[in-house]
Amino acid sequence: MNNTAPIDALVLMSFGGPEAPEEVVPFLKNVTAGRGIPEERLEEVGEHYYGFGGKSPINEQNKALLQALREELDRREIDTPLIWGNRNWEPYLTDEVRAEAQAGRTRFLSIDTSAYSSYSSCRQYREDFAKTIDELSAEGTTVTIDKIRQFYNHPGYSQACALLLREGIADFAEQVGALDTAKHRILFVTHSIPNVMQDASAVATSGYRAQHEELLTHLMDGLPASETLPAELVYCSRSGSPEVPWLEPDVNDRMRELAEDGTTGVILVPIGFISDHMEVVFDLDTEAKETAAELDLAFTRVATVGTHPVFVSGLVDLVEERIAQLRGEQTSAPAIAGSPALTPGSGACSIDCCRGRVDRMTEPNWPA
């Protein structure tokens with residue numbers, strides 16, 4: 001399908017991140033614009049980045065994903081241009097779309113780097129598209145931006161997660177020997193969000209938390225009995241005012257509870273993240289790993305899907321699926337068993353779906 005009409009160009013859309021120490025606070029100011037966060041608080045949060053040389057790993061990971069997507073598109077003889085745009089740092093979405101529009105490409109399809117439904121992970125990207133469309137319209141340029149569906153339950157994502165889970169369990173078994181259902185636990189980890197954002201995500205869909213639980217159940221059902229351990233969903237990266245409730249339990253708190261109850265080892269599965277950005281390398285590989293060491297817990301962190309070929313192929317499948325829908329063609333929308341695909345036009349993105357920006361929050365949902 002080298003002809004992707006009505007789409008002129010594809011966009012890998014992500015959050016963005018600083019590339020050097022001097023960019024950390026300006027980047028965080030972009031993230032928190034309009035929320036009145038004191039600069040000293042930004043400096044405090046910036047310590048996460050300074051500990052890694054002031055550079056977020058997300059940019060290199062997006063470049064790797066961009067290359068992998070380009071290679072898969074080329075393999076399928078899809079020659080449509082593929083660009084990369086961010087919300088909060090260079091390359092900015094508006095700048096990249098403007099450049100493409102100047103070259104005559106004005107109809108875009110976005111591949112977002114977030115698998116689930118919530119304000120931060122879906123609706124806000126749509127708001128970003130609207131801002132770009134409005135800004136370019138004010139300049140006299142008309143563009144449209146569509147997007148692929150949320151892909152937490154697409155076979156490309158779920159199969160890649162399943163393969164990596166099996167690898168992680170094998171790594172853990174090398175550490176501990178025989179798996180023990182009384183002493184070992186699988187903790188599926190995702191980014192916490194405010195409860196109000198969770199509630200809004202469930203207006204027209206199964207909701208952020210339920211979507212993770214659907215994938216968790218699917219992955220556990222696919223394990224052989226010899227690799228099956230008790231499993232549950234936990235959260236990381238909670239921020240903001242203590243008065244604003246967020247989804248719990250926190251991964252560190254839960255590990256402490258489990259250790260008190262006799263657990264001796266944990267496998268962390270970051271199903272809420274597609275690559276090893278800051279929430280993974282700091283919150284899991286640093287903080288959670290330190291907690292496990294403090295509690296004398298055997299510890300394995302399963303890999304994120306990153307540029308796994310099955311995941312990348314699934315993203316291109318989603319591109320082809322959405323283009324077929326835009327053409328009015330009949331197309332299948334595959335999903336894991338018992339989980340409806342959130343196809344555009346299915347009602348999953350109603351006017352009320354995934355509202356939930358929390359104006360009462362004094363801090364943001366800190367980024368990658």
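This passage describes the sheet and the aromatic contacts of a predicted model.

Residues are numbered from 1 along each chain as its sequence is written, and side-chain values use heavy atoms, with hydrogens and water left out. Because the model is predicted, local features need pLDDT of at least 70 and side-chain atom pairs count only at pLDDT 80 or more, whereas totals for chains, interfaces and linings use all residues. The average pLDDT (the predictor's confidence in each residue, from 0 to 100) is 90, and 93% of the residues score at least 70.

Four strands (DSSP runs of E, at least two residues, numbered from the N terminus) form an open sheet in the order β2-β1-β3-β4, with parallel pairing (at least two DSSP bridges between two strands). The edge strands, β2 (82-86) and β4 (144-147), each pair on one side only. Strands β1 (residues 9-14) and β3 (residues 107-112) are joined in the parallel sense over five bridges, and Ala9 stands opposite Phe108 in β3.

Eight aromatic pairs are present (rings of Phe, Tyr and Trp, the last by its six-membered ring, with centres within 6.5 Å; planes under 30 degrees apart are stacked, over 60 edge-to-face, the rest tilted). The rings of Tyr116 and Tyr152 are stacked, because their centres are 5.6 Å apart and their planes lie at 25°. Tyr116 is buried (under 20% relative accessible area, against over 50% for exposed and in between for partly exposed, with a 1.4 Å probe and protein chains only), at 2%, and Tyr152 is buried at 0%. Tyr116 and Tyr208 form an edge-to-face pair, since their ring centres are 6.2 Å apart and their planes at 70°.
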